[in-house]
Amino acid sequence: MKIEEFKLERTLARFQNEVDYDLSASGIYPMYIREILTPEEMDDAYNNLHLKYVHTAGTSHLREAVASFYEGMDPSSVFMTNGSAEALFLMAWGLIEPGDEVAFMIPNFMLLSHVVESNGAIVRPFHLDPERGWALDVQSLKNAVNPKTKLVCVCNPNNPTGTVLSKEQMQQIVDVAASVGAYILSDEVYRGAEQGNVETPSFWGMYEKVIIISGLSKSFGLPGLRVGWVAGPRDIAEMSWFYHDFLSTTVTTFSDFLATKALEPEMRKKIFARNRGIVRQNLATFTDWVNSQGDILSFTPPQAGCFAFVKFDLPVTSWDLVMDMVRNNSVFVIPGSCFGIESHLRMNFGVDKPRLEEGLIRVGRTLSRFR
Ligand SMILES: Cc1ncc(COP(=O)(O)O)c(C=O)c1O
């Protein structure tokens, strides 16, 4: 299978560590082990944690902990992976055959789309509408779905816009998928990192053919644990296990231990309180800065996550604009083209305030050069 470079990941790797001011990240400022374990628990792990293989289907305690994050989920529906990226790859590999059709929300994290396309599937995009605050364009969804559609892929809360589907829009997606018997794959890795107090509803329980992809990298602020999961009907959990035997086999013993702690209801509450504090803190500063750039920039305020998808009105591609920023002002954000949308930048505002302020000044300098 030949596949094109995963532009988002490779672009991040190339420039993130090269600049003085990095506003490119998608996650929330990561947590330290000390924020999850007490010294006594750390001591206990030091003395007793045995670095053996854990059960290849995922340990029962971790699957139970994941299931408790959803209404009415049985642990047998859960399969543990190394990051949600691996969960997406498993679905692309195990579920989609050459010639199958996949309806894919744009903008989005493009991993699954690239993998299935390179394997001979047909990807039909449907859209969130920038003119209506990134609301679902239902007609484009209907146009993208037909009896050959096996999977309807959504990302909610959305990367890169940070917007959240309304309950009505979720129901519309269910209705369209159900009309052809397609699975819905909902990437919910940003659920829990909301600006407001209402947790994003999950698609879980809305339809019998729902597959949830999620993990601890984003709203939990634990990307270094590399813990993700697939949750779905029993046959999807079984299929995931089957294909995963050819991949990384298990999550690591230490990740299994720490992830189980992080998902305990009380700890989950504490983590989300910390992370929501971070995502709320800087949005006002960021919004003021966008408004200060005149009518060059506009954006829909994100409802979740610590990034915004900002539209620019300048005669330059998003890639060239970002390369100019990197070269001349040592600041880095993600070009919209990495998400399939031009004339946009994904900008992270979840860094410490002095860093954010200086980073924004530098982005502003680049914008001025193209005015
Ligand atoms: C929407 C979305 N899904 C999945 C991933 C993969 O994350 P991880 O493998 O760290 O869980 C990302 C990473 O940026 C993402 O933005």
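The C-alpha centres of domain 1 and domain 2 lie 26 Å apart. The model is predicted. Work through the exercises in order.

**Exercise 1. Find how domain 1 and domain 2 meet, and which elements of domain 1 take part.**

Step 1. Set the bounds. The domain assignment gives domain 1 as 7-31 + 277-370 and domain 2 as 36-270.

Step 2. Count the residues in contact. Domain 1 brings 23 residues, and domain 2 brings 27.

Step 3. Look for elements of domain 1 that give two or more residues to this side. They are α10 (265-281) and β11 (307-312). The largest share, four residues, comes from β11.

Step 4. Sort the side of domain 1 that touches domain 2 by class. It has 14 nonpolar, six polar and three charged residues.

**Exercise 2. Decide how helix α4 is oriented relative to helix α8: roughly parallel or roughly perpendicular?**

Step 1. Locate the helices. Helix α4 covers residues 83-95, and helix α8 covers residues 234-244.

Step 2. Read the geometry. Their axes come within 10 Å and cross at roughly 95°.

Step 3. Apply the cut-off. Angles from 65 to 115 degrees count as roughly perpendicular. So α4 is roughly perpendicular to α8.

Step 4. Name the residues that meet. From α4 come Leu-90, Trp-93, Gly-94 and Leu-95. From α8 come Met-239, Ser-240, Tyr-243 and His-244.

Step 5. Classify them. Five are nonpolar, three are polar and none is charged.

**Exercise 3. Do the same for helix α3 and helix α9, and give the hand of their crossing.**

Step 1. Locate the helices. Helix α3 spans residues 60-67, and helix α9 spans residues 253-263.

Step 2. Read the geometry. The axes are 9 Å apart, at an angle of about 30°.

Step 3. Apply the cut-off. Angles under 35 degrees count as roughly parallel. Therefore α3 and α9 are roughly parallel to each other.

Step 4. Give the hand. The crossing of α3 and α9 is left-handed.

Step 5. List the contact. Helix α3 supplies His-61, Leu-62, Ala-65 and Val-66. Helix α9 supplies Asp-256, Ala-259, Thr-260 and Leu-263. By class, this contact has five nonpolar, two polar and one charged residues.

**Exercise 4. Work out which strands stand at the edges of the four-stranded sheet, and why one side of each is left without a neighbour.**

Step 1. Write the order. This open sheet runs β10-β11-β14-β13, with antiparallel pairing.

Step 2. Look at the ends. β10 (297-299) and β13 (334-335) each have a single partner strand, so one side of each has no neighbour in the sheet.

Step 3. Check one pair. Two bridges join β13 to strand β14 (residues 344-348), and the two run antiparallel. Pro-335 stands opposite Leu-345 in β14.

**Exercise 5. Trace the sheet of eight strands, then place α5 and α8 on their strands.**

Step 1. Write the order. The open sheet reads β2-β9-β8-β7-β6-β3-β4-β5, and its pairing is mixed.

Step 2. Mark the edges. β2 (78-81) and β5 (135-136) each pair on one side only.

Step 3. Check one pair. β2 and strand β9 (residues 228-231) are antiparallel over four bridges. Val-78 stands opposite Ala-231 in β9.

Step 4. Place helix α5 (residues 111-118). This helix packs on the sheet and touches β3 (101-106), β4 (122-129) and β6 (149-155). The direction of α5 makes about 155° with that of β4.

Step 5. Place α8. This helix lies across β2, β8 (210-215) and β9. Its direction runs at about 25° to β2.

Methods. Residues are numbered from 1 along each chain as its sequence is written. This is a predicted model: local features need pLDDT of at least 70, side-chain atom pairs count only at pLDDT 80 or more; totals for chains, interfaces and linings use all residues. Axes are lines fitted to C-alpha atoms, for helices over the stretch in contact, and angles run from 0 to 180 degrees between N-to-C directions. Angles under 35 degrees count as roughly parallel, over 145 as roughly antiparallel, 65 to 115 as roughly perpendicular and the rest as oblique. Two residues are in contact if their C-beta atoms, placed from the backbone, lie within 7 Å. Ala, Val, Leu, Ile, Met, Phe, Trp, Tyr, Cys and Pro count as nonpolar, Asp, Glu, Lys and Arg as charged, and the others, Gly among them, as polar. A crossing is left-handed if the near helix is turned anticlockwise from the far one by less than a right angle, and right-handed if clockwise. Domain bounds come from an automatic or database domain assignment. Two strands pair if DSSP finds at least two bridges between them.
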